[in-house]
Amino acid sequence: MVSKKKWSVCVIGAGPSGLVAARELRKEGHRVVVLEQKHDVGGQWLYDPNIEKEDPLGQTKFLDVHSSIYTSLRLLSPREIMGYTDFPFFVKEGPGRDPRRFPGHKELWLYLKEFSVHFGLRELIRFNTRVDSANYYDNNKQKVDEIGSDVGSEEVVVEEVFDAVVVANGHYSHPRLPSIKGMDTWKRKQMHSHVYRVPKAFQNQVVVVVGNSLSGQDLSMELAGVAKEVHISARSQNTLTEGFSTVISKYENLHLRPQIKSLEEDGRILFVDGSFVVADAILYCTGYTYSFPFLDTKGTVAVEDNRVGPLYHHTFPPSLAPSLSFVGIPRKIIAFPFFESQGKWIAQVLSGKRKLPSPDDMMHHIHQFYRQREADGIPKRDTHDIIHFEVRAEVNQSQS
């Protein structure tokens with residue numbers, strides 16, 4: 001019979017990954033505290049229109065704004081696959097609800113709020129509490145410094161020791177920016193899509209959108225409705241879908257451009273084909289980078305070219321497991337069920353129901369994984385882009 005150990009666990013973040021991790025940890029009998037820097041649950045899905053205090057390029061250590069959701073955003077995946085396995089994302093009728101199969105972002109936030117209430121998770125959460133630092137203490141325990149404040153009150157700094165820390169702070173907040181000659185001296189408006197909310201600020205302007213990913217395409221079409229001209233700068237035009245190419249042809253003020261060569265102080269933006277435009281603003285839709293400004297592992301876990309590592313199955317750093325773990329690192333997944341599987345795995349490893357391989361064996365697995373990704377031609381920055389349930393398979397393995 002397995003002897004179950006009870007741990008005191010700090011979960012950092014009350015978004016989709018942190019909420020379900022907290023639920024699974026409590027199921028296993030662990031004492032759970034969730035630290036959430038905002039006033040409510042939801043993480044990325046807690047829409048925040050107040051972006052005035054944020055650096056337009058998001059280059060501060062601790063961001064004032066966490067969510068990168070813009071007003072018109074709708075889900076790309078149907079609601080049938082978005083929910084947790086035992087709490088389906090059903091259509092809810094009533095004022096303010098969105099019954100569409102691909103609803104707006106507020107509907108998913110309401111779902112997460114209902115999830116937190118249904119499973120009694122709110123009592124575990126300390127809202128308006130930012131983690132300033134998390135590092136190792138004595139006997140492999142984790143020391144966490146929290147800065148908490150209620151609206152209108154002074155900040156209070158608290159130091160607390162836990163047996164384990166689960167990092168669930170998301171990865172769609174800290175902007176990833178290109179390196180373009182002249183960026184530091186270009187005097188006109190530059191901003192990252194992290195702080196974009198509505199197109200009104202670009203009324204009658206000439207705008208260059210950098211990046212033709214889904215957000216770049218979405219925001220370009222939205223801007224075309226108000227801007228004088230919108231120029232989409234794409235690193236490779238071969239990646240454009242036929243559908244988006246058709247959309248571009250329907251807008252007289254929407255133009256496709258190659259990669260930017262430099263930004264000139266007179267407002268010109270030069271492209272690699274020799275053409276240029278005089279622009280009022282640049283909107284960078286260039287994605288996000290993993291960032292853990294509070295985490296001090298003395299270099300054991302690092303972010304290098306957007307690879308967080310070393311992590312066993314994107315979850316456990318071998319030399320610090322199981323007292324440190326991560327939920328929500330993988331991308332290009334069916335997110336909520338995946339987070340749920342990670343949460344179960346972590347909770348059951350801590351309680352002794354599941355066992356991890358030795359640190360050496362975990363490192364061997366990680367190096368094999370890296371070599372296979374390289375052999376498959378997958379860039380280092382896409383290490384965490386996966387398309388199947390690696391962790392779920394791990395959780396479901398029988399233990400002798």
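# A tour of the sheets and aromatic pairs

Begin in this predicted model by selecting strand S2 (residues 31–35) together with S3, two strands that run parallel and are joined by two bridges. Within that pairing, valine 34 has isoleucine 125 of S3 as its bridge partner. Now widen the selection to the open sheet to which they belong, in which five strands follow the order S3-S2-S1-S7-S19 with parallel pairing. Strand S3 (125–126) and S19 stand at its edges, and each has a single partner strand, so one side of each is left without a neighbour in the sheet. Add helix H5 (residues 335–351), which packs on this sheet and touches strand S1 (8–12), strand S7 (164–167) and S19, and whose direction makes about 165° with that of S19.

Stay with strand S19 (residues 324–326) and display phenylalanine 326, then look for phenylalanine 292, which lies in the loop between strand S15 (281–284) and strand S16 (295–296), 34 residues apart from its partner in the chain. Which kind of pair do the rings of phenylalanine 292 and phenylalanine 326 make? Their centres are 5.3 Å apart and their planes stand at 70°, and because planes over 60 degrees apart count as edge-to-face, the pair is edge-to-face. Phenylalanine 292 is buried, with a relative accessible area of 11%, and phenylalanine 326 also counts as buried, at 0% relative accessibility. This contact is one of 17 aromatic pairs in the model.

For a wider aromatic grouping, select Tyr84, Phe87, Phe89, Tyr111, Phe115, Phe119, Phe336 and Phe339, which form one aromatic cluster. With Phe89 still displayed, add arginine 79, which lies over the face of phenylalanine 89 at 4.5 Å from the ring centre. A further arrangement of a charge over a ring can be found by selecting lysine 189 and phenylalanine 202, where the charged end of the lysine sits over the ring, 4.5 Å from its centre.

Next, select strand S9 (residues 206–210). Is this strand largely enclosed or open to the outside? Five of its five residues are buried, so S9 is largely enclosed by the rest of the structure. If you show the side chains, Val206, Val208 and Val210 point one way from S9, whereas Val207 and Val209 point the other way, and all are buried.

Now bring in the neighbours of S9, starting with strand S10 (residues 229–233), which pairs with S9 in the parallel sense over five bridges. Here valine 208 stands opposite histidine 231 in S10. To follow the connection between these strands, trace the chain from S9 through helix H3 (residues 214–224) to S10, a β-α-β crossover that is right-handed. S9 is also joined to S15 by four bridges, and these two strands run parallel; in S15, the bridge partner of valine 208 is isoleucine 282.

As a last stop, select the open sheet of three strands in the order S12-S13-S14, where the pairing is antiparallel. Strand S12 (260–263) and strand S14 (276–278) are the edge strands, each pairing on one side only. Viewed across the sheet, neighbouring strands are turned by 20° against each other on average, direction ignored. Finish by zooming in on strand S13 (residues 268–271) and S14, which pair in the antiparallel sense over three bridges, and display leucine 270, which stands opposite phenylalanine 276 in S14.

Methods: Residues are numbered from 1 along each chain as its sequence is written. This is a predicted model: local features need pLDDT of at least 70, side-chain atom pairs count only at pLDDT 80 or more; totals for chains, interfaces and linings use all residues. Side-chain values use heavy atoms; hydrogens and water are left out. Rings of Phe, Tyr and Trp (its six-membered ring) pair if their centres lie within 6.5 Å; planes under 30 degrees apart count as stacked, over 60 as edge-to-face and the rest as tilted. Buried means under 20% relative accessible area, exposed over 50%, partly exposed in between (1.4 Å probe, protein chains only). A charge sits over a ring if NZ of Lys or CZ of Arg is within 6 Å of the ring centre and within 35 degrees of the ring normal. Two strands pair if DSSP finds at least two bridges between them. Axes are lines fitted to C-alpha atoms, for helices over the stretch in contact, and angles run from 0 to 180 degrees between N-to-C directions. A crossover is right-handed if, with the strands pointing away from the viewer, the path from the first strand over the helix to the second runs clockwise. Contact means heavy atoms within 4.5 Å.
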